[in-house]
Amino acid sequence: MPEKYHIKTTPVPPRLPRIGKHGIVDWREDCARCHNCVKKACVYDRHRQEAAYIRNLKYSDFLFFECMGCFSCVQNCTKDLLCLTINSEYKKLGNHYWTPEIIHITWQQAETAAVPVSGAGYRGKFSGHGFDSMWTDMSEIVRPTRDGIHGREYISTSVDIGKKPSYLTFDSDQNISGLPAVIDIPMPMIVDMNPAEFTLPQLESYIIEAVKLTDLIAIVDSAKWPAALNDSQMKNIEAYLPHIAFHLNPDAPEIPFDVLRKTRLVEIPDHDDVLSRIAELKEKYPGLIISVRVALDSKGVDRTVELSRLGAEVIHTVADFNGNEIGVDSPGFIKDRIREIHTTLIKEGIRDEVTIIASGGFALPEHMAKGLLCGADVISIYLPLLIALECRLCNTCRPGLICPARLEDISFEYGVGRMRNLIAAWHLQLIELMGAMGMREARRLRGDVGRAMFFEELEEEIFGTLFGSRKRA
Amino acid sequence: MERFSVQEKELREILPEKTLKTRLPQVQINRETKPALPRYRNEIAKYIIYRSDDCIRCGKCAELCPYHVHVLKPGYKYFAMPKSYLCTGEACQKTDHYCITQCPQKALRIIKNPMIEALGDYRWPADMLLATWRMAETGEPPLSEYEYNYQAGESGGGFDRIRFKFPETPPVELQDDEIDTSILLNHRDDGRPQIQIDVPWYGGGMSFGSVSNVTQLSKVRAATAFNTFSCSGEGGYMERMRPYDDHMITQVATGLFGVREETIQRVRIVEFKYAQGAKPGLGGHLLGDKNTPAVAKIREAVVGISLFSPFPFHSVYSIEDHMKHLDWIKHVNRRALLSTKVSTPTDVDMVAVGSYSAGTHIIHLDGGYGGTGAAPDIAKKNIAMPIEYAIAKVHKFLVDEGAREKVVLIASGGIRTAHDIAKAIALGADGVVVGTAEMIALGCVRCSRCSAGRGCPRGIATTDPGLVTQIDIEWGTQRLINLYSAWRKDLIEILKRFGLRSVRELVGRSDLLMHLDFTNDILNELTGK
Ligand code: SF4
Ligand code: SF4
Ligand code: SF4
Ligand code: SF4
């Protein structure tokens, strides 16, 4: 059996006190000082921990919010003096798209590298915006394989970046010829470059280390070369370059030939003359795969299709942080736009000739699987890795403003470890979803909408026959 | 006792000798409702009443309040702490017995409990939890004065957007006792016994290990009282359950834990579990340290090793293989009805018709949002179809295939109230399986920590010896009997308003439902008007 893709992890605890959802408020007056106070009975020992926390207060801006919300102490207090509350700091995490729940579960995965598990069934909305309006399929008897216990052991999450030929050609010796270069990455995910809004000085070297550890690729703004790598990485640069895809920033100095030559993927911004730029790069770096970064604005879908027709091998379609089309009044969502692109390319018979990387709004591991089912080959993320570092998307990371998550203080081990753990947890969860679908290969998820169920379609197909037409969008 | 001996004689003809010998006399449980008071000192309340030191103990409030919030026990000098959870709050303001304004000393104060915000979630909002607790306490649907909005949740879809189209007056006037809530579980006419259950639901499988044996026993005892069933789950079968064999379902799941000839022969229904709604398509894994001597004993495993329930049955690749399984059980237990529990993939209709053709009596669909046990969050939220769609889809397909009359369709996965039960039936199910609601009745607050550390801090979903003592079997049984009684009353009320004499007449009557997000004008739309 070939060696399997496995990310070695160890837990990386948070640096700061946890911003939990629940806290206990204690109206101390009138306390009867019971000998056997209910606080002693907390199964999680939270009251004692809170007292200890307050005694050694390190961060005056963090209260203790680690109650698990079981109501036991509250309901047993002799004088009914305790009250369980929702932490207002918790409610302020993130924004309407990157909800407190998403931030919280990301922190949990960055700490443990494990699949989040809980009891008592599902607690959320029936369906929702974006990726929440679809479900993934399962099979009662189809398995990825019957080998191993759950059949999951043999799932491959690898995908390719690059052109795939639609037929093979052979040379005079009957050997396959003219195969285009492709990059095989072990998981359908790459890391995007730091968006300007969240620029923090030293994160590139952490990300580069994390993608090397997980055998993935990170896009790095060429303006950041060579500062993006730290000294020790620089010393061993050959090992890192295959994991870096420079975004060739037209305003930055050129990347030295010997450096770019050793990378596998490069990204260029879209512009009118992008094809000649591709040709020029191909000429100079024959083995390099070139991706064109296309903004998913009002013309994003058409432009992606057009570039595919014109022979671009990789297109990185980028929506805004929340997965919405950029600069459009009632914007479409990335998953729907990717579906459009995918079906158009299928109809034109050129789907395999281009790799579509989708970016924007991928906040949870299920979004990765759903993005693929809608037609992306690969997704790209950035914010989840930032959140892994205890960022809460307060959007104050600008010079002169204080980062409440104190990102400027993180250590290399912490930063890399948390990002690696998050990637590992996403990988495990992709396997969970694929296992349930009975899919053995992530490559085959692409565009397989038969393995997905869409809210609008089920409503129409099933409820439409019972209740007429749907009123709300 | 007479009934028992008759039954025994019949059994002698069908049960193998060795099963008969090990068979214990079956216990009967009284269905009577009795108060089963909350087990915590401070039941969570919607409103909180405070009494200040200005109180002169005139007793006026106790006299006024019809809900017994104010209690001055005879011989006591001071009032007990107000039983705030019984207070109807805002609704009371409009009445002539509002204690707050009538206290001569103005010693009483009322506030909305700020803690309510921290209680519940979209699927089980606070009102639904409070109402379920009240039903488990009293055996009655909550009084309208409490204004609990408990008949639907806030998930924004499925059951939570579906309502009944009640006629202004019922087409026929019916008395409660004229309405039949029983259903039959064998539609096949295959010579196997007919089983009738008195209510259109039974209890879902929860294994020993995932819940305490007090929880399991309370469930089966309540099921016995209502002449319905409870299920072993995949964890084997405790000896203490044997006096309730007639109301137990033995589950044959992929790990085959506790599955023996004898555990199959004891019961009247055997359930094949292919998948479950909490983690559709995923297997199970009991960590080695949770495999305690007690768990290992009933799972017939070695203490301390990790136990896997693979996914799926490694012996099933096709409907034909499934049929072999069913035939095997039919052979081993000649009186059993067979149930096939599956989850809800896109082709759930094909799965259902397949299991019907393989010979199952009951098709049990467990929808994607279901489950009580620990499961990956990603699975709970994303995998498989919500049950509301699956019921309608399967019902229609079975009707079209001409098979609907021959098979019993049972639905689960997010059934929380009698209203959900009736909606599921109107969408096309014959009955439902419930799970979480039973946990709630036993005092679950949906904190979701069932699998963490020592398990449920409230003593329900745990085997921790220190925690399980919080519940005793009599109390647990009574809470569930009360919940079932209240549900039955709610269900009868629904049937009565439609003028239906039997819950069986409700099956597939989606014309009695409306969806808040649809035009509900299907007739006109179909005829193009
Ligand atoms: S509510 Fe539960 S978890 Fe929270 S402090 Fe009280 S006993 Fe501990
Ligand atoms: S009515 Fe007022 S003064 Fe009288 S017992 Fe009640 S709280 Fe006290
Ligand atoms: S407000 Fe009404 S229900 Fe509440 S305690 Fe007073 S009298 Fe009773
Ligand atoms: S741990 Fe919480 S959610 Fe689970 S059964 Fe106990 S109270 Fe309910």
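The legends below walk through several close-up views of a predicted model.

This is a predicted model, in which local features need pLDDT of at least 70 and side-chain atom pairs count only at pLDDT 80 or more, while totals for chains, interfaces and linings use all residues. Residues are numbered from 1 along each chain as its sequence is written, chains are lettered from A and ligands numbered from 1 in the order in which they are written, and side-chain values use heavy atoms, with hydrogens and water left out.

**View 1. Here chain A meets chain B.** Chain B brings 91 residues to the contact and chain A brings 75 residues, where contact means heavy atoms within 4.5 Å. Between them the two chains bury about 7500 Å², and 59% of this lies on carbon and sulfur atoms. Buried area is the accessible area (1.4 Å probe) that two parts lose on being put together, summed over both. Look in chain B for B:Ile378, B:Tyr389 and B:Phe518, which lose the most area to chain A, together 11% of what that side buries.

**View 2. Salt bridges and polar contacts cross the interface of chain B and chain A.** The rule finds six salt bridges here, a salt bridge being a side-chain nitrogen of Lys or Arg within 4 Å of a carboxyl oxygen of Asp or Glu. A:Arg470 and B:Asp517 join their side chains in a salt bridge, at 3.9 Å from N to O. There are also 39 residue pairs in polar contact across this interface, both at pLDDT 80 or more. A polar contact is a pair of N or O atoms within 3.5 Å; within protein, one must be able to donate a hydrogen and the other to accept it, and residues adjacent in sequence count only if both atoms are side-chain atoms. On the side of chain B that touches chain A, helix H12(B) gives the largest share, five residues. Helices (H or I, at least four residues) and strands (E, at least two) are DSSP runs, numbered from the N terminus.

**View 3. Strands of the two chains pair with each other.** Strand E3 (residues 117–118) of chain A and E14(B) run antiparallel, joined by two bridges; two strands pair if DSSP finds at least two bridges between them. Opposite A:Val117 you will find B:Pro376 in E14(B).

**View 4. Eight strands of chain B form an open sheet.** Their order is E6-E16-E15-E13-E12-E9-E8-E7, with parallel pairing. Strand E6 (201–203) and strand E7 (230–231) of chain B stand at the edges with a single partner strand each, so one side of each has no neighbour in the sheet. E6(B) pairs with strand E16 (residues 431–434) of chain B in the parallel sense over three bridges, and B:Gly203 stands opposite B:Val434 in E16(B).

**View 5. Two spots show backbone features to pause over.** The peptide bond from A:Trp225 to A:Pro226 is cis, with omega near 0°, and A:Pro226 is found in the loop between strand E10 (218–221) and helix H6 (231–235) of chain A. B:Arg57 has phi near 55°, a positive value in a residue other than glycine. Most residues other than glycine have a negative phi, and most peptide bonds are trans.

**View 6. A salt bridge within chain A links distant parts of the chain.** A:Lys284 forms a salt bridge with A:Glu254, their closest N and O atoms being 3.7 Å apart. A:Lys284 is in helix H9 (residues 274–284) of chain A, whereas A:Glu254, 30 residues apart from A:Lys284, is in the loop between strand E11 (244–247) and helix H8 (257–260) of chain A.
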